[in-house]
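I sat down with one chain today and kept notes as I went. The entries follow the order in which I looked things up.

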Amino acid sequence: MSSIKFSNAFDAVTDNKEEASELQIRADLMIALRDIVEEKGWKQSDAAEVFKLTQPRVSDLLQGKIDKFSIDLLMTCLHRVGFRFKPMYENSRLSIEVQAA
């Protein structure tokens, strides 16, 4: 029996590489936000206040309902907790510096 290997878990659900990449980015951002909520010991209502979302939206976030969130909104939530993202392109390489306020 042969096995199939994927570089990204979302490659298994779509043949579109761009869509798989976007799904992976959204998942990674959602995990980071969930980890922040857990580390801070916030209740969903606390996170909702900080993220400027409703409590049901925070519930969706913490449950990993990826289809309900855009990269833009997730980045905005990270910005609201003090993280800034600075993309840099030098010598044919793209990197992103994350700055915490």
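**Notebook: the chain and its first helix**

I began with burial: 27% of the 101 residues in the chain count as buried. I keep in mind that the model is predicted. For the surface, I find about 7300 Å² exposed by the chain, with 50% supplied by carbon and sulfur atoms.

Next I listed the elements. I count 4 helices and 2 strands. Read from the N terminus, their order is α-α-α-α-β-β. I then looked up contacts with a separation of 6 or more: 39% of them join residues 24 or more positions apart.

I turned to helix α1, residues 17-40. The helix has 24 residues and reaches 35 Å from first C-alpha to last, close to the 34 Å expected. After α1 comes Gly-41, and I note its positive phi, near 70 degrees.

Which residues of α1 are buried? I wrote down Ala-20, Leu-23, Arg-26, Ala-27, Leu-29, Met-30, Leu-33, Ile-36 and Val-37. Arg-26 is on that list too. I then checked what covers these buried residues: the cover includes α2 (44-51), α3 (55-62), α4 (71-80) and β1.

β1 took me to the surface. The strand spans residues 83-90 and holds Phe-85. With Ile-96 and Val-98, Phe-85 makes a nonpolar surface patch of about 260 Å². Why does Phe-85 count as partly exposed? Its relative accessible area is 31%, and partly exposed runs between the 20% and 50% cut-offs. Patch residues need over 30%, so Phe-85, at 31%, passes that cut-off.

Conventions: Residues are numbered from 1 along each chain as its sequence is written. This is a predicted model: local features need pLDDT of at least 70, side-chain atom pairs count only at pLDDT 80 or more; totals for chains, interfaces and linings use all residues. Side-chain values use heavy atoms; hydrogens and water are left out. Patches are made of residues with over 30% relative accessible area and no salt bridge: like charges are joined within 9 Å, nonpolar side chains (Val, Leu, Ile, Met, Phe, Trp, Tyr) within 5 Å. Accessible areas come from the Shrake-Rupley method with a 1.4 Å probe; for residues, only the protein chains shown count as cover. A salt bridge is a side-chain nitrogen of Lys or Arg within 4 Å of a carboxyl oxygen of Asp or Glu. Buried means under 20% relative accessible area, exposed over 50%, partly exposed in between (1.4 Å probe, protein chains only). The expected span of a helix is 1.5 Å times one less than its number of residues. Contact means heavy atoms within 4.5 Å.
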